[in-house]
Amino acid sequence: MIDFSKLAQAGVRELKAYIPGKPVSELQRELGLDHIVKLASNENPLGPSKAVEAAVAGALKEQARYPDASGYELKDLLAVKHKVKPNQITLGNGSNDVLVFLAQVFLSPDTNAVFSQYGFAVYPIATQSVGATAKIAPANSPKHDQPLGHDLAALAALIDENTRVVFVANPNNPTGTWVGSADLETFVSNVPDTCIVVVDEAYTEYVTNQDVPDTSQWLGKYPNLVVTKTFSKAYGLAGFRVGYALSHPDVADLLNRIRPPFNVNSLALLAAQTALGDSDYLKKSVELNEQGKIYLKAELSAMGLGVIPSATNFLLVDMKQDASGLNQDLLKAGVIVRPVGNYGLPNHLRISIGLPEENEFFIKALKKILNK
Ligand SMILES: *Cc1c(COP(=O)(O)O)cnc(C)c1O
């Protein structure tokens with residue numbers, strides 16, 4: 001017997017694989033349910049915009065050709081949107097891809113990455129996959145006005161001369177919390193030149209009245225800043241896998257050296273380009289999310305559960321008991337939410353905001369389970 005884990009580099013040996021939301025088809029196979037509501041992966045419940053569906057359907061005949069490896073047209077549109085140059089953009093197969101590129105380019109076994117205790121699960125995976133050390137900053141206390149959110153002072157305190165990357169999701173997943181413009185700018189401006197600050201903005205489109213900056217506008221001031229964005233959430237294209245990093249051109253050059261050729265496929269490029277032009281869809285998505293968030297928050301709070309403030313399309317909820325049994329009961333009722341025990345939050349569930357009827361189906365099921 002070969003012990004392959006002995007052959008693997010130490011960082012990988014210690015890793016646990018990313019746990020995705022359960023697909024609807026899997027629950028269907030397991031329990032044979034006919035009505036299933038998935039509120040587990042922060043997807044846009046509207047489905048992709050009609051304009052995207054039409055554009056992609058019309059391009060199927062061209063798929064014997066390789067994609068445009070440079071993503072010229074998409075980068076052109078993104079450059080205008082974010083007021084940057086195309087040479088500041090790195091395209092990814094989802095923003096997960098560019099987070100991995102950042103780790104591959106800047107991290108190694110003799111360096112470390114800093115992130116928050118309840119930071120996004122991809123940060124430890126990207127860090128350890130290249131043998132670097134993860135330094136984890138304690139999060140805000142549950143009593144803070146951003147409970148379990150990023151403690152920027154704690155993050156700053158962990159950055160040393162061997163820190164090459166600090167990851168800050170704003171707003172954050174799985175907490176939904178955020179850090180304000182002034183605090184974040186002070187933090188970014190104090191990160192030394194030897195460290196890349198990655199601000200992961202997967203959810204900024206959902207921000208309404210909260211004080212969350214679009215840090216792409218700071219790139220001119222802070223050359224070590226990298227901003228990552230995605231089409232997976234508010235743009236409704238999670239299945240297509242398109243994300244990107246905005247950075248100094250020299251950083252983009254390094255990232256693009258290791259980017260696999262053709263990492264974003266032709267249909268995904270086209271879908272993203274088309275989605276950028278459909279501002280009505282985005283507006284509708286954000287409005288629907290706001291209404292659903294108000295409804296869910298009121299219902300969950302009325303049940304005595306602890307709802308953490310959210311600037312995103314999901315709510316992290318303190319169920320006031322171990323949530324794994326509740327999660328099982330919800331699955332049996334046909335509702336898929338996201339347990340976050342892997343984040344060290346065994347009493348919480350993360351609930352994505354769905355269509356009104358999906359939200360109501362979930363609340364009804366939960367009330368029944370909790371006898372409320
Ligand atoms: C969903 C998410 C991403 C993006 O995922 P992709 O689908 O790979 O673009 C990135 N960061 C955070 C914090 C997320 O929640």
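Which polar side-chain atom lies 2.7 Å from an oxygen atom of the ligand? In this predicted model, that atom belongs to Tyr-203. Taken alone, the ligand would expose 390 Å², and the protein buries 93% of that area. Two further contacts come from the backbone rather than from side chains. A polar backbone atom of Ser-95 is 2.7 Å from an oxygen atom of the ligand, and a backbone N or O atom of Asn-96 lies 3.0 Å from a ligand oxygen.

The wider surroundings of the ligand can be read off residue by residue. Gly-94, Ser-95, Asn-96 and Phe-120 belong to the shell, together with Asn-173, Asp-200, Ala-202 and Tyr-203. Thr-230, Ser-232, Lys-233 and Arg-241 complete the list. By character, this shell divides into three nonpolar, six polar and three charged residues.

Several of these residues can be placed on the secondary structure. An open sheet of seven strands has the order β2-β8-β7-β6-β5-β3-β4, and its pairing is mixed. At its edges are β2, residues 89-92, and β4, residues 133-137, each of which pairs on one side only. Neighbouring strands of the sheet are turned by 20° against each other on average, with direction ignored. Towards the β4 edge, strand β3 (residues 112-116) runs parallel to β4 and is joined to it by five bridges. Within this pair, Ala-113 stands opposite Ala-134 of β4.

Two helices lie across the seven-stranded sheet. Helix α6, residues 95-106, lies across β2, β5 (163-169), β6 (196-200), β7 (225-230) and β8 (243-246), and runs at about 155° to β7. The ligand neighbours Ser-95 and Asn-96 fall within the residue range of α6. Asp-200, also beside the ligand, falls within β6, and Thr-230, another shell residue, within β7. Helix α10, residues 249-258, lies across β2, β6, β7 and β8, running at about 30° to β2.

A second open sheet has four strands in the order β9-β10-β13-β12, and here the pairing is antiparallel. Its edge strands are β9 (306-307) and β12 (338-340), each pairing on one side only. Between them, β10 (residues 314-318) and β13 (residues 345-352) pair in the antiparallel sense over five bridges. Leu-316 stands opposite Arg-350 of β13. Helix α12, residues 279-302, lies across β9, β10 and β13, and its direction is at about 5° to β10.

Some details of the backbone also deserve a look. Most residues other than glycine have a negative phi, and most peptide bonds are trans. Against that background, a cis peptide bond joins Asn-170 and Pro-171, with omega at about -5°. Pro-171 sits in the loop between β5 and α9 (181-190). Another cis peptide bond joins Asn-173 and Pro-174, with omega at about 15°, and Pro-174 is likewise found in the loop between β5 and α9. Asn-173 is also one of the residues surrounding the ligand, which places one partner of a cis bond beside the bound molecule. Elsewhere, Asn-42 has a positive phi of about 55° although it is not a glycine. Asn-42 lies in the loop between β1 (37-38) and α4 (50-57).

Definitions and conventions:
Residues numbered from 1 in each chain as written. Predicted model: local features only at pLDDT ≥ 70, side-chain atom pairs only at ≥ 80, totals over all residues. Heavy atoms only, no water. Pairing = 2+ DSSP bridges. Contact = heavy atoms within 4.5 Å. Axes fitted to C-alpha atoms, helices over the stretch in contact; angles between N-to-C directions. Near = heavy atom within 4 Å. Polar contact = N/O pair within 3.5 Å; in protein donor to acceptor, adjacent residues only side chain to side chain. Areas by Shrake-Rupley, 256 points an atom, 1.4 Å probe, with all protein chains shown as cover. Nonpolar A, V, L, I, M, F, W, Y, C, P; charged D, E, K, R; others polar.
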